[in-house]
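Colleague: Hello! I am new to this structure and would like to learn how to read its features. Could you walk me through them one at a time?

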Amino acid sequence: MAAPQVPFTVVSEADREAIERGRKLFAGACDFVKGVVAMDGLPAPDRPEVCFAGRSNVGKSSLINALTGRRALARASNTPGRTQEINYFTLGESGYLVDLPGYGYAQAPLEKVAKWQDLLRQYLAGRVTLARAYVLIDARHGVKPVDHEIMALLDRSAVSFQAVLTKADKPKAGELAGTLAAVQADLAKHPAAYPEIIVTSSENGDGLELLRAAVARLLAA
Ligand SMILES: Nc1nc2c(ncn2[C@@H]2O[C@H](COP(=O)(O)OP(=O)(O)OP(=O)(O)O)[C@@H](O)[C@H]2O)c(=O)[nH]1
Ligand SMILES: [Mg+2]
């Protein structure tokens, strides 16, 4: 008998209460705590956190800014490798938002890149208070081999992750549908993948209220 297929659905709505909880959580105080360069520099594991992981330039920092409605909370730029530390932000009283350095190509010295890549992997595999990793995937490009590597690390570490498509304002509708179908098939290879995909654009706001609601479900006290 074939194994049951887990359907990977695209989130298209959330109930009003959940949306409102998400809106409230992200409308509250959100402050930069610190940039971490080594595991022993992580804040005390005293509250749950969610992190944003993904290839360099996929839009992690931009998404944090868009979610919080603060244009320059996390530094974003066109140069891959902009975020080089694990950046912690408070989210209300109840949790942390974590902006990670990107993986894959980065415009920075090799030695430096190797160091922060190593830290990134240690963090993803070993942070006890990590409630969920959001793995960001460019809506034009889909899941790349290096994403599979990170997803496999999360599988091995039993860290629940959810795929979030970014830059959904860029592809045409047909192209987006194609990427989504491919991402659904790719996620089916990863036992730690949460079975819902959120499609977002930091540029036009698509999907942000759904993502806020999802984070609030994990972090709201
Ligand atoms: N059109 C469009 N551009 C976006 C979107 N999100 C991010 N960008 C652009 O993509 C580039 C990279 O964004 P960042 O947020 O810095 O990406 P990152 O994943 O944090 O990159 P690293 O820190 O280098 O790993 C910037 O030029 C952003 O303006 C989006 O939703 N739509
Ligand atoms: Mg960044």
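Modeller: Gladly. Let us begin with one term: a residue is buried when its relative accessible area is under 20%, exposed when it is over 50%, and partly exposed in between. Please keep in mind that this is a predicted model.

Colleague: Thank you. Are E49 and R127 buried or exposed?

Modeller: Both E49 and R127 are buried. They also form a salt bridge with each other, and their closest N and O atoms are 3.0 Å apart. This pair joins distant parts of the chain: E49 belongs to strand β3 (residues 49-54), while R127 is in the loop between α3 (110-126) and β6 (130-138), 78 residues apart.

Colleague: How many salt bridges does the structure hold?

Modeller: There are seven salt bridges. One of them joins R121 and E149, with 3.5 Å from N to O. Here too distant parts of the chain are linked, since R121 is in helix α3 and E149 is in helix α4 (residues 145-156), 28 residues apart.

Colleague: How should I class R121 and E149 by accessibility?

Modeller: Apply the cut-offs from the start. R121 has 27% relative accessibility, so it counts as partly exposed. E149 has a relative accessible area of 49%, so it is partly exposed as well.

Colleague: With which residue does R47 form a salt bridge?

Modeller: R47 pairs with D46, and the closest N and O atoms are 3.0 Å apart. The classes of the two partners follow from their values: R47 is partly exposed because its relative accessibility is 23%, and D46 is exposed because its relative accessible area is 52%.

Colleague: Now the metal. Which residues coordinate the magnesium ion?

Modeller: To read a metal site, look for the protein atoms that act as donors. For the magnesium ion (ligand 2), these are OG of S61 and OG1 of T83, at 2.0 to 2.2 Å. S61 sits in helix α2 (residues 60-68) and T83 in the loop between α2 and β4 (86-91), so the pair, 22 residues apart, links distant parts of the chain. S61 and T83 are both buried. Water is not among the atoms, so a site may look incomplete.

Colleague: Helix α2 has come up there. Where does N65 lie, and what does it touch?

Modeller: N65 is in helix α2 too. With a relative accessible area of 6%, N65 is buried. Leaving aside neighbours within four places in sequence, N65 is in contact with R70, R71, A72, L73 and A74.

Colleague: What should I look for in the nonpolar core?

Modeller: Here is the general idea: in soluble globular proteins, nonpolar side chains tend to be buried together. In this model the largest nonpolar core has 39 residues, and those with the most contacts inside it are L100, Y123, L124, F161, L165 and L187. Helix α4 gives the largest share of this core, five residues. There is also a second, separate core of 28 residues, which includes V58, F89, L211 and A214.

Colleague: Which residues are in contact with L165?

Modeller: Not counting neighbours within four places in sequence, the contacts of L165 include I137, L176, L180, V183 and I198.

Colleague: And what surrounds L208?

Modeller: L208 lies in helix α6 (residues 208-219). Its 6% relative accessibility explains why L208 counts as buried. Beyond residues up to four places away in sequence, L208 touches L63, A66, L67, T200 and S201. The C-alpha atoms of L208 and I198, ten residues apart along the chain, are separated by 8.8 Å.

Colleague: How many aromatic pairs are there?

Modeller: The count is three aromatic pairs. For a pair, read the distance between ring centres and the angle between planes. Y88 and Y96 are edge-to-face, with 5.2 Å centre to centre and 90 degrees between the planes. Both Y88 and Y96 are buried. A ring can also meet a charge: the charged end of R132 sits over the ring of Y194, 4.0 Å from its centre.

Colleague: Finally, the backbone. What is the phi of A158?

Modeller: A158 has a positive phi of about 55 degrees although it is not a glycine. A158 is found in the loop between α4 and β7 (161-166), and its relative accessible area of 67% makes it exposed. K167, also not a glycine, has a positive phi of about 60 degrees; its place is the loop between β7 and α5 (173-187).

Conventions:
Residues numbered from 1 in each chain as written. Chains lettered and ligands numbered in written order. Predicted model: local features only at pLDDT ≥ 70, side-chain atom pairs only at ≥ 80, totals over all residues. Heavy atoms only, no water. Salt bridge = Lys/Arg side-chain N within 4 Å of Asp/Glu carboxyl O. Buried < 20%, exposed > 50% of the residue type's maximum accessible area, 1.4 Å probe, protein only. Helix = DSSP H or I, 4+ residues; strand = E, 2+ residues; numbered from the N terminus. Donors = N, O, S within 2.8 Å, 3.2 Å for Na, K, Ca; no water. Core = buried A, V, L, I, M, F, W, Y, C linked by side-chain atoms within 4.5 Å. Contact = heavy atoms within 4.5 Å. Phe/Tyr/Trp six-rings, centres within 6.5 Å; stacked < 30°, edge-to-face > 60°. Lys NZ or Arg CZ within 6 Å of the ring centre and 35° of its normal.
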